[in-house]
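Please look through the structure below with two topics in mind: surface charge and cysteines. The paragraphs after it take these topics in turn.

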Amino acid sequence: MSAIPILPPSSLISRVIQINNIKTKTNVAKTKEEEEKFSSMGYTAGFMGVMVYRWVSWVLLLFSCLLLPRFFTLPQLRDIRRAYHQWTPDPVSSRLIVPEAEAGVRDDKFVEVPQMVWGLNNQKIALARAALTARKLNRTLLMPNLSASLFYKETDLLEPLGFDHLFSLERFNSLCNGFVRISSMNSGNFSDIFVVGKGNGRRWTAERDIAQLEQCKTPDIDRHTVIKFEGKHPFLWHDHWPVLDYARVFECLVLVNNLSAEVSRIVSKLKSLSSPTGIDQNKIRKSSFMFQPKYVAVHMRIEKDWMIHCKKLEMRSRARNGKNLKICSSKEEIMKRVADIPGLEKPSVVYLAVADDLLEDKKLLEGWSEFLAPYEKKKLGMLDIYSKYPYLIQSAIDYEICLQADTFVGNSFSTFSSLIVLQRSMRMNRVRDCEGSTMASYAYNIEGSAGGPKRWATNMSDLSLAAISYGANEVSCM
């Protein structure tokens with residue numbers, strides 16, 4: 001069906017002028033007798049003709065003004081809509097979702113990776129790196145194994161834990177739909193497997209690593225159903241992806257329902273302790289703040305093994321680069337800096353995320369400011385929740401409690417603290433409140449204003465996760 005041509009307004013005006021000229025010449029040619037004979041009829045018909053002509057002209061002009069701009073601008077508007085198809089807030093979970101328009105990931109080709117090891121957030125980084133590798137190859141990641149226990153050298157003692165025992169597989173694939181995907185299957189379901197060995201040592205550069213991935217996309221290798229990577233675990237793989245890509249994967253990691261319920265129970269307890277009925281009334285009367293039930297979470301790294309490790313890092317930095325990195329912080333320094341956070345509401349309940357071997361140290365809860373009420377899992381009465389789970393799940397619960405805190409304070413050289421700040425920065429950026437009090441985060445190992453800890457936010461424009469994986473003193477509110 002052919003389209004009706006629509007004249008632009010300038011052409012309409014020209015046609016109107018031509019019609020008026022023709023009518024004028026016709027009226028002049030009429031004889032005087034015809035004018036007298038049909039004077040009354042001519043007048044009536046002329047009047048009606050003028051009215052009809054005016055109405056038709058106005059309709060055509062209005063039609064042209066409305067349709068023509070729409071005809072010329074709609075393609076640009078469509079392009080603008082595509083340009084702004086970025087991550088949008090999920091109103092149900094307040095996490096981020098991928099637009100439906102984004103291309104999906106193949107669900108008939110797969111990648112398998114070695115078991116994730118070390119601490120919770122080392123394993124989360126490894127998981128994200130494996131998922132992004134699978135995305136690079138346009139493949140689905142087969143169900144990875146995490147490590148429930150914490151061993152750094154005795155890998156044969158590692159207790160495997162399926163991904164879906166900690167994180168919801170359904171929620172992950174829903175939130176990361178079109179970006180990355182994890183399958184519930186493992187390589188035992190397939191016979192067509194192509195094995196790729198990950199290189200080791202200094203000679204295995206990032207350039208050689210990315211070249212290997214590109215080779216895996218060639219038809220000879222891509223035709224295989226499963227590409228299985230062997231060798232070092234994914235945390236030690238080269239990093240080829242920006243911080244924002246990692247953040248998108250982390251935002252899809254939602255605890256399974258029973259663990260989410262445990263977190264909610266603990267957070268509710270902290271909120272109830274933060275209410276006026278849960279805090280010493282004398283402290284509330286002394287405070288100049290309008291009281292609201294909030295809590296502060298502090299990730300305290302003061303274990304013996306950590307203090308030995310951080311002191312070695314400081315000495316190595318001075319010897320190699322001449323830089324005086326500030327990594328270690330004593331308990332007294334942490335307590336003072338938390339108390340000196342600018343604008344911190346007082347009194348405040350402080351949740352201490354600490355290793356289990358510090359729970360028997362009664363001095364851990366002593367020496368805090370009179371306006372701060374410190375709690376750890378034992379004093380909180382929640383030790384029974386933690387004790388029934390292995391190390392990895394205990395860490396995951398603590399992670400969520402710190403993530404949901406109104407104020408978080410951690411160590412900028414701790415991967416645990418760094419990943420919490422990354423996710424809080426993502427959510428903080430959504431409300432554009434970097435310098436405000438919403439989701440405020442601080443690094444206690446770096447001195448900030450008024451003797452308090454340094455305000456901390458992740459630079460979401462970084463091209464790699466190096467600063468988060470290995471720590472930094474360069475923290476700021478981006």
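**Surface charge and disulfides**

On the surface, a patch of positive charge is made up of Arg-202, Lys-312, Arg-316 and Arg-320. The model in which this patch appears is a predicted one. Of the patch residues, Arg-202 is placed in the loop between strand 7 and helix 6, the latter spanning residues 206-216. Arg-202 counts as exposed because its relative accessibility is 85%, and the cut-off for that class is over 50%.

The cysteines are the next topic. A disulfide is a covalent bond between the sulfur atoms of two cysteines. How many disulfides does a search of the whole structure find? The search finds 2.

One disulfide is formed by Cys-176 and Cys-252, with 2.1 Å between their sulfur atoms. This pair links distant parts of the chain, 76 residues apart. Cys-176 sits in the loop between helix 5 (169-175) and strand 7 (193-197), while Cys-252 sits in the loop between helix 8 (243-250) and helix 9 (257-274). The link of Cys-176 and Cys-252 is right-handed, with 95° about the S-S bond.

Are the two ends of this link buried or exposed? Residues under 20% relative accessible area are classed as buried. Cys-176 has 0% relative accessibility and therefore counts as buried. Cys-252 is also at 0%, so Cys-252 counts as buried.

Another disulfide joins Cys-310 to Cys-328, with an S to S distance of 1.9 Å. This pair, too, links distant parts of the chain, here 18 residues apart. Cys-310 belongs to helix 11, residues 304-321, and Cys-328 lies in the loop between helix 11 and helix 12 (331-339). Why is this disulfide right-handed? The reason is the torsion about the S-S bond of Cys-310 and Cys-328, which is about 120°.

The accessibility of this second pair can be read in the same way. Cys-310 is buried because its relative accessibility is 0%. For Cys-328 the value is 7%, so Cys-328 counts as buried.

Two further cysteines remain to be described. Cys-216 has a relative accessibility of 3% and therefore counts as buried. At 0% relative accessibility, Cys-402 is buried as well.

To return to the two topics: Arg-202, in the positive patch, is exposed at 85% relative accessibility. Among the cysteines, Cys-176 is bonded to Cys-252 and Cys-310 to Cys-328.

Note on methods:
Residues are numbered from 1 along each chain as its sequence is written. This is a predicted model: local features need pLDDT of at least 70, side-chain atom pairs count only at pLDDT 80 or more; totals for chains, interfaces and linings use all residues. Side-chain values use heavy atoms; hydrogens and water are left out. A disulfide is a pair of cysteine sulfur atoms within 2.5 Å. Helices (H or I, at least four residues) and strands (E, at least two) are DSSP runs, numbered from the N terminus. Buried means under 20% relative accessible area, exposed over 50%, partly exposed in between (1.4 Å probe, protein chains only). Patches are made of residues with over 30% relative accessible area and no salt bridge: like charges are joined within 9 Å, nonpolar side chains (Val, Leu, Ile, Met, Phe, Trp, Tyr) within 5 Å. Accessible areas come from the Shrake-Rupley method with a 1.4 Å probe; for residues, only the protein chains shown count as cover. A salt bridge is a side-chain nitrogen of Lys or Arg within 4 Å of a carboxyl oxygen of Asp or Glu. Lys and Arg count as positive and Asp and Glu as negative; His and the chain ends are not counted. The place of a charge is taken as NZ of Lys, CZ of Arg, CG of Asp or CD of Glu.
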